[in-house]
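Dear colleague,

I am passing on to you the structure we spoke about, and below it you will find a short account of what was found. Please keep the model open while you read, so that you can look up each place as it is named.

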Amino acid sequence: MPTTLRIQDTPAPQPPRRIRPDALRGLPEIPDPQSVSTADAHDLSVTLFLRLSELEEGTAEYSYVRNTLVELNLSLVKYAATRVRHCSAPWEDVIQVGTVGLIKAINRFDPERGFEFMSFALPTIMGEIKRYFRDTTWAVRVPRRLQELRISLAKANDALEQELGHTPDAEQLAERLDITPEEVCEGLLATNGFASLSLDLPVTDEGDAPGTLARSLGVEDARFEMVEYLESLKPLLAALPERDRTILSLRYGEELTQAEVGERLGISQMHVSRLLTRILARLREGLLAEGSAPDAA
């Protein structure tokens, strides 16, 4: 038996066309196992499990009996699948995964222990389905504890909403589940990782032109950082001598060349260059001391 299953490439299981081995003439003939009632399926499963324990694994007789048991008990798979219908996975995939769990339960079941097969198989089927959801349906992988907390929060939220007439808050959910409000917030945050949307998803708001989801997302404005730098520079500029402030104003405020600044102040262009180098170095040291200097150009 393979232990893995490729949901996307493997079609939903269909009842195999089986040829009844002659060695099983003592067993009842079942033309359509899936049409058998629940009570009859229970009685037939008891008989088939006893015969299965007598057969050698890998023989045609063994395969015939096990396949018949699978078809007789597919109703267990459908019942388990209905308990997770709120999930977004395709119904056929859930049935297929549940069938794998049913086959595992048949392989492990020992009728001599006196347990009912339904009581033994259902947890195995549900476990296989939950494992499928845990491993394949979350857009972002989160710890299993948070995955289970998400389900509990969803059930508690629905129950409280009916009782209270409004959406419950974190404290009410925490009280219902006997956990802390911080754990509730953690579980609600983890819920965001269950599904994701493509940035190319078309969205159209009423009155707006068509666009994609990416266009509605905010971006960091670099000018906010520039405002922070300017505010940090103000006290440093105020501490400079008047001539240094004048040189900076002429060079970067009026955007004069170094030669034009020299003509205004009656000094050489070389002297202006040396003064600018000294002034900018002083300002840079002051910003570095505050830990907010912009990257050097």
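Please bear in mind from the start that this is a predicted model. The protein contains 12 helices and 2 strands, and if you follow these elements along the sequence you will read the pattern α-α-α-α-α-α-α-α-β-β-α-α-α-α.

As for the protein as a whole, 32% of its 297 residues count as buried, while its accessible surface comes to about 19,900 Å², with 52% of that area belonging to carbon and sulfur atoms. Among the contacts with a separation of 6 or more, 56% are made by residues that stand 24 or more positions apart.

On the surface there is a negative patch, which is formed by D169, E171, E182 and E183. One of these residues, E171, can be found in helix 7, which covers residues 170–177.

The other place to look at is L280, a residue of helix 12, which runs over residues 269–290. Is L280 buried, exposed or partly exposed? L280 counts as partly exposed because its relative accessibility is 30%, and the partly exposed class lies between the cut-offs of 20% and 50%. If its neighbours within four places in sequence are left aside, L280 is in contact with L248 and Y252. You may also wish to find D244, which is 36 residues away from L280 along the chain, with 9.9 Å separating the C-alpha atoms of the two residues.

With kind regards

How values were computed:
Residues are numbered from 1 along each chain as its sequence is written. This is a predicted model: local features need pLDDT of at least 70, side-chain atom pairs count only at pLDDT 80 or more; totals for chains, interfaces and linings use all residues. Side-chain values use heavy atoms; hydrogens and water are left out. Patches are made of residues with over 30% relative accessible area and no salt bridge: like charges are joined within 9 Å, nonpolar side chains (Val, Leu, Ile, Met, Phe, Trp, Tyr) within 5 Å. Accessible areas come from the Shrake-Rupley method with a 1.4 Å probe; for residues, only the protein chains shown count as cover. A salt bridge is a side-chain nitrogen of Lys or Arg within 4 Å of a carboxyl oxygen of Asp or Glu. Lys and Arg count as positive and Asp and Glu as negative; His and the chain ends are not counted. The place of a charge is taken as NZ of Lys, CZ of Arg, CG of Asp or CD of Glu. Helices (H or I, at least four residues) and strands (E, at least two) are DSSP runs, numbered from the N terminus. Buried means under 20% relative accessible area, exposed over 50%, partly exposed in between (1.4 Å probe, protein chains only). Contact means heavy atoms within 4.5 Å.
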